[in-house]
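Me: I would like a close look at a single part of the structure shown here. Please keep the answer connected and give the cut-offs.

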Amino acid sequence: MPLSIEQRDLVYVAVATALMWIPYTLALIARGGLMAAMGNRDTATTLPAWAERARRAHANAAENLVLFAPLLLLASVVIPGDAAVVVAARVYLVARLVHYGVYVAGVPVIRTLAFFAG
C-alpha cells in the first residue's frame with residue numbers, strides 16, 4: 001500500500017529529525033576529539049554556539065515529532081486524503097526545516113514564527 005502525501009511528509013520529517021544530530025556531533029568531534037563524542041561526557045566539551053543551537057533544535061524537533069506523528073497518522077486513517085490534513089503535514093514539514101535552519105543560524109524571530117507555524 002503506497003503512502004499518502006501526508007504520510008510521506010511525515011517520513012520526511014522523521015528522517016530530517018533523525019539526521020539533525022550529525023552537525024553538532026561533528027562539532028563535538030572537531031572540538032574534543034572522537035572520544036568526546038563516544039565517551040560518557042562526564043566533563044562537558046564546550047561547543048560553538050551554532051552547535052549548541054543545533055543540539056537544542058534537534059531536541060525540540062524530537063519533542064514535537066512525538067506529538068505530531070500520532071495525530072497525523074490518526075487523521076490520515078480517519079479522514080484519508082483530506083486536504084486540510086495534507087496541508088497541515090506540508091506546513092509542519094516546511095516549518096520544522098525552517099525552524100532548524102534558522103535556529104542553528106541564530107535568527108530568533110523567524111525561529112519563533114517557524115515554531116508556531118509547526
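What follows takes up the largest pocket, then the core and helix packing. Which residues line the largest pocket?

Reply: This is a predicted model, in which local features need pLDDT of at least 70 and side-chain atom pairs count only at pLDDT 80 or more, while totals for chains, interfaces and linings use all residues. Residues are numbered from 1 along each chain as its sequence is written, and side-chain values use heavy atoms, with hydrogens and water left out.

The protein chain has 6 helices and 0 strands (DSSP runs numbered from the N terminus: H or I of at least four residues for helices, E of at least two for strands). Its C-alpha trace spans about 50 × 35 × 20 Å along the principal axes.

The lining of the largest pocket consists of Tyr24, Thr25, Leu28, Arg41, Thr43, Ala44, Thr45, Leu47, Glu52 and Arg55. A pocket here is an open set of points on a 1 Å grid over the protein atoms alone, where a 1.4 Å probe fits and protein lies on both sides within 12 Å along at least five of seven lines; lining residues have an atom within 4 Å of a point. About 150 Å³ of space lies in this pocket, the volume being that filled by probe spheres set on points joined across faces, edges and corners. Helix 2 (21–32) and helix 4 each supply at least two lining residues, and the largest share, 3 residues, is from helix 2. By class the lining has 4 nonpolar, 3 polar and 3 charged residues (Ala, Val, Leu, Ile, Met, Phe, Trp, Tyr, Cys and Pro are nonpolar; Asp, Glu, Lys and Arg charged; the others, Gly among them, polar).

Leu28 and Leu47 in this lining also appear, with Ala51, Ala54 and Tyr100, as the residues with the most contacts inside the largest nonpolar core, which has 14 residues. Such a core is a set of buried Ala, Val, Leu, Ile, Met, Phe, Trp, Tyr and Cys residues joined through side-chain atoms within 4.5 Å; buried means under 20% relative accessible area, exposed over 50%, partly exposed in between (1.4 Å probe, protein chains only). Helix 4 gives the most to this core, with 4 residues.

Helix 4 (residues 49–78) also packs on helix 5 (residues 83–105): their axes come within 9 Å and cross at roughly 175°. That makes the two helices roughly antiparallel. Their contact has 16 nonpolar, 5 polar and 3 charged residues.

Notes: Axes fitted to C-alpha atoms, helices over the stretch in contact; angles between N-to-C directions. Parallel < 35°, antiparallel > 145°, perpendicular 65-115°, else oblique.
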